[in-house]
Amino acid sequence: MTQKYDVLVVGSGPGGYVAAIRAAQHGLRTAIVERDRLGGICLNWGCIPTKALLHGADVAHTLVNLQPLGFSTGSVEFDMGRLVEFSRSVSGRLSDGIGYLMKKNDIDVVEGAARLLDKGLVAVTTADETVSEYRADHVILATGARPRPVPGVIPDGDRIWTYFDALVPTDLPKSLLVIGSGAVGVEFASLYKDLGTDVTLVEMAPQIMPVEDFAVASHVRRQFEQRGIKIHTGASVSELAAGPDTVTVTVQSTAGTVDELTVDRVLVAAGIQGNVEDLGLTELGIEVEHGFITTDQWCRTSAFGVYAIGDVAGAPCLAHKASHEAVLCVDKLAGVQHVRPLDRDYVPGCTYARPQVASLGLTEEQARATGRRLQVGQFDLQASGKALAIGEADGFVKTIFDADSGELLGAHMVGPDVTEQIQGFGIARALEATADDLAEVVFAHPTLSEAMHESVLSALGRPINM
């Protein structure tokens with residue numbers, strides 16, 4: 001007998017499980033379908049385990065830089081397996097926590113792979129090929145994304161990695177070449193370098209971190225190169241040959257130069273593509289563009305009663321964007337008044353490398369292209385008492401305002417713990433605070449966040465500490 005739900009969610013990542021909880025909060029009978037572990041890529045193979053490994057890298061960096069603070073240590077041993085075990089335990093704990101939340105909110109968890117058979121009708125196939133059918137007034141697709149392949153580079157889980165493999169290495173490679181310098185590539189390059197690996201970064205775009213403000217990307221590049229990370233921009237891997245112990249890679253630049261490198265491992269981190277296959281989208285006429293499901297501002301697809309949220313619905317492919325879309329999507333279908341659509345341009349982006357990067361809104365280059373009259377301010381952390389006190393004064397905060405209205409158009413931060421501070425600019429943007437409004441805010445001293453205030457004052461032409 002086919003079970004009937006008000007809302008059926010496919011996928012239990014930070015978009016899916018939040019959508020299920022929000023639907024249950026509205027009193028809607030809800031089920032969630034998951035073919036693997038609750039929590040999706042984010043909790044099991046993405047955001048959370050990478051941050052656990054990066055914490056280990058931060059500890060390694062601290063141990064190397066103890067002497068200026070008056071400490072000295074004897075020999076320190078490192079066990080990569082123990083660090084990986086720690087990261088997996090964190091993921092496991094959070095995945096179990098999602099299971100608890102499903103029970104708490106009376107959400108049925110259906111194990112298996114889902115496929116749309118018709119509007120409001122979903123088939124779920126379990127691992128033993130058992131098929132069950134479910135009906136729902138609303139079906140929310142939150143199937144996420146996976147690593148995008150690079151032509152001629154086929155991951156084998158041994159010498160050629162995806163980020164799945166890079167999260168659970170059996171040993172620490174002596175050398176690693178990373179293809180792609182988005183957030184994933186930059187984080188792994190930073191992580192492995194701090195753990196002692198010789199790292200090379202290859203990026204097709206003219207700058208690393210292509211979506212970031214040019215000044216931020218340039219600063220990160222300088223920091224990486226000072227740490228010994230070798231960087232090739234405007235370049236791609238033209239040939240690759242994996243042997244039993246090493247990988248030979250040919251890197252060719254747009255300028256015509258060719259470099260042949262031999263490394264222990266290659267990590268493919270050249271973006272992601274949506275998990276749109278085997279969902280029955282074509283049969284229902286659901287539009288897919290560039291590998292992602294097309295949606296409107298309320299996350300509705302071209303098929304009535306079918307929605308898509310998170311990575312499968314396109315950029316920015318971020319966990320917090322997925323969670324926000326989950327809430328607005330469910331609130332809208334539940335009839336909540338005054339729901340606000342998401343402005344994707346102002347979803348904060350965070351990269352947890354060393355140095356950290358956080359940004360929202362337009363880059364300076366994008367803002368100037370609009371033709372608006374701008375006020376741009378920048379404050380260097382070399383003038384921050386707190387940054388100097390903790391020995392992390394390499395970085396800056398840049399703010400971009402419309403000179404006529406005072407509207408915050410963009411905020412770009414690079415340095416210690418900026419991922420914990422960017423929400424301040426997000427709040428300001430959401431509350432429509434102008435540059436003059438932000439200038440009146442009292443920031444505690446000494447804090448890293450004072451740099452945010454100083455960058456605003458700089459934009460207004462009245463900086464104090466620079």
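1. Helices (H or I, at least four residues) and strands (E, at least two) are DSSP runs, numbered from the N terminus. The model is a predicted one, in which local features need pLDDT of at least 70 and side-chain atom pairs count only at pLDDT 80 or more, while totals for chains, interfaces and linings use all residues. Residues are numbered from 1 along each chain as its sequence is written, and side-chain values use heavy atoms, with hydrogens and water left out.

2. Just after helix H6, Gly196 adopts a positive phi of about 115 degrees. Nine of the 12 residues of H6 are buried (under 20% relative accessible area, 1.4 Å probe, protein chains only), so this helix is largely enclosed by the rest of the structure; among the buried ones are Gly185, Glu187, Ser190 and Asp194.

3. The largest nonpolar core (buried Ala, Val, Leu, Ile, Met, Phe, Trp, Tyr and Cys residues joined through side-chain atoms within 4.5 Å) has 35 residues, and those touching the most other members include Phe188, Leu191, Tyr192 and Leu267. Its largest share, five residues, comes from H6.

4. Leaving aside neighbours within four places in sequence, Leu267 is in contact (heavy atoms within 4.5 Å) with residues including Trp161, Val178 and Phe188.

5. The UniProt annotation "active site", from an unreviewed entry, covers His445, and such annotations may be inferred rather than shown by experiment. His445 lies in the loop between helix H12 (435-439) and helix H13 (450-459), and it counts as exposed (over 50% relative accessible area) because its relative accessibility is 62%.
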